[in-house]
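User: I am new to this structure, and I would like to understand how each descriptive term is earned. Please set every value against its definition before drawing a conclusion.

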Amino acid sequence: MLEKTFYKQLLKRSFAMPVKIVFWDGSSVQYGQGEPKATITFREKVPVSAVTKNASIALGEAYMDQKIDITGPGTYPLQEVITSAYQQAGSFLRDAKLKKFLPKQSHGEAQSQADIHSHYDVGNDFYRLWLDDTLTYSCAYFTPENPTNDLTAAQIAKVHHILQKLNPQPGRRLLDIGCGWGTLMLTAAKEYDLKVTGVTLSEEQYQLVKQRIEEAGLSGVAEVRLQDYRELGDEQWDYITSVGMFEHVGQENLGLYFQDVAKYLKADGTALIHGITRQQGGAYNGWINKYIFPGGYIPGLTEIIDHIEAAHLQIGDVEMLRRHYQRTLEIWDANFNAHRAEIEATKGTRFTRMWDLYLQACAASFESGNIDVVQYLLTKGPSGTGLPMTRRYMLTDR
């Protein structure tokens, strides 16, 4: 009885759309007017003590363990419920009192390597099932010519969008910090005539990028290193790209990250840093930190700008791509669920529900404006040094 009272109080102010709640004893209640857009079913009691300790961890684990189900008529019921919860001022997702516990974090080099291994070394075959043909695991860029559906085209467009912002000159050197499976660095070598270096801590990524370099005949102009970006010594490059990287370095290392970017840039060099940022200020998510990205931290916009300034870099351009990442995640989740039976057969039900929740929850976080993704064009020197006077050069079709 007490548990049900607690959940009624918790949930009645948590959604910006009509939602039906079905409890473990079969009783139900509806919040909001009109036909419910989703049904949340508690198949078992979730301990109140766990929810008050950290709601996102407790309820995320309950979903993974099939103690909670979320259904609805829409394509993405989880996403709709979580978006609604982020949009509602009184929601448990926005209540600081329900975030008292956070998983312990560490961002030393050994721990960073372990964190990357836990996520990216799940296996290239797993990622091939639901990423696009380029194996790009970051926000795509949807153009008017490709507004919604072709993820491969959108990822290739994103790579060109990043490289064009640098205004790269043939024969110069580019460093890609956190190079993933290598699409950006290999495109820079093949289509922009740059000499490229990629660094990653993922053994799976490193081996595949090495193979891709050899198969493309790019051994003379492209290299990949299984190395921590903090260990690059005194080398310098004309250009630096880093996509989806600074979210993993930890709040305490953000300033050092941008100082390293400045250190590795030549005088008047240019960098394009692309990453998830909160316009409302930095934040952790307990469930994602525990199960998906150990050590993850989403920095605030002003926090990032302060670190850029402290590193003596200047901003040449800032672009928000929130809606692009929402759409990217929706396609990823559709691809994931198209292979759900195959994934569940090899990884198990709990893993499969965890990843489906992760993809839809992230899409909801972008949809609601809880998080954003931002491209920062930086120069080592006065803003825009070496770049054209207007932004028109960034939009040239290739």
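Analyst: Two strands pair if DSSP finds at least two bridges between them, and the elements themselves are DSSP runs, helices being H or I over at least four residues and strands E over at least two, numbered from the N terminus. This is a predicted model, in which local features need pLDDT of at least 70 and side-chain atom pairs count only at pLDDT 80 or more, whereas totals for chains, interfaces and linings use all residues. Residues are numbered from 1 along each chain as its sequence is written, and side-chain values use heavy atoms, with hydrogens and water left out.

User: What makes strand β1 and strand β3 a pair?

Analyst: Four bridges join β1 (residues 19-22) to β3 (residues 38-42), and the two strands run parallel, so the bridge rule is satisfied. One of the positions involved is Lys20, whose bridge partner in β3 is Thr39. These strands belong to an open sheet of four with mixed pairing, in the order β2-β1-β3-β4, and its edge strands are β2 (28-31) and β4 (68-71), each of which pairs on one side only.

User: Why are β7 and β10 said to stand at the edges of the sheet of seven strands?

Analyst: That open sheet has the order β7-β6-β5-β8-β9-β11-β10, again with mixed pairing. β7 and β10 each have a single partner strand, so one side of each is left without a neighbour in the sheet. Further inside, β5 and β8 pair in the parallel sense over three bridges, with Asp176 bridged to Thr241 in β8.

User: How do you know that β11 pairs with β9 and with β10, and in which sense?

Analyst: Eight bridges join β9 (residues 265-277) to β11 in an antiparallel run, and β10 (residues 314-320) pairs with β11 in the antiparallel sense over six bridges, so both counts meet the rule for pairing. Within these ladders, Ile273 stands opposite Tyr376 in β11, while the bridge partner of Ile315 is Leu378.

User: What makes β11 largely enclosed by the rest of the structure?

Analyst: A residue is buried under 20% relative accessible area, exposed over 50% and partly exposed in between, using a 1.4 Å probe on protein chains only. Eight of the eight residues of β11 (residues 372-379) are buried, which means that the strand is largely enclosed. Both of its faces are covered, with Asp372, Val374, Tyr376 and Leu378 buried on one side and Val373, Gln375, Leu377 and Thr379 buried on the other.

User: Why is helix α8 described in a similar way, and what does it pack against?

Analyst: Eight of the ten residues of α8 (residues 183-192) are buried, so this helix too is largely enclosed by the rest of the structure. Its buried residues, among them Leu184, Leu186 and Tyr192, pack against α7 (151-166), β5 (173-177), β6 (195-200), α9 (203-215), β7 (222-226) and β8 (237-243), where contact means heavy atoms within 4.5 Å.

User: How do you know whether Gly60 is buried or exposed?

Analyst: The relative accessibility of Gly60 is 6%, so it counts as buried by the cut-off already given. Gly60 is found in helix α3 (residues 55-64), and, leaving out residues up to four places away in sequence, it touches Ala55, Trp287 and Leu357.

User: Why is the ring pair of Trp130 and Tyr137 called edge-to-face?

Analyst: Rings of Phe, Tyr and Trp (its six-membered ring) pair if their centres lie within 6.5 Å, and planes under 30 degrees apart count as stacked, over 60 as edge-to-face and the rest as tilted. The structure holds 33 aromatic pairs. For Trp130 and Tyr137, the centres are 5.6 Å apart and the planes meet at 85 degrees, so the pair is edge-to-face. Trp237 and Tyr264 are edge-to-face as well, because their centres are 6.2 Å apart and their planes stand at 90 degrees. This second pair links distant parts of the chain, 27 residues apart, with Trp237 in strand β8 and Tyr264 in helix α10 (residues 254-264).

User: What makes Arg353 a charge lying over the face of Tyr63?

Analyst: The rule asks that NZ of Lys or CZ of Arg be within 6 Å of the ring centre and within 35 degrees of the ring normal. Arg353 lies over the face of Tyr63 at 4.1 Å from the ring centre, and the charged end of Lys347 sits over the ring of Phe351, 5.8 Å from its centre.

User: Why are α14 and α15 called oblique?

Analyst: Angles under 35 degrees count as roughly parallel, over 145 as roughly antiparallel, 65 to 115 as roughly perpendicular and the rest as oblique. Helix α14 (residues 340-347) and helix α15 (residues 349-367) pack at about 130 degrees, with their axes 7 Å apart, the axes being lines fitted to C-alpha atoms over the stretch in contact and the angles running from 0 to 180 degrees between N-to-C directions. The two helices are therefore oblique to each other. Where they meet, Arg340, Ile343, Glu344 and Lys347 in α14 face Thr349, Phe351, Thr352, Arg353 and Asp356 in α15.
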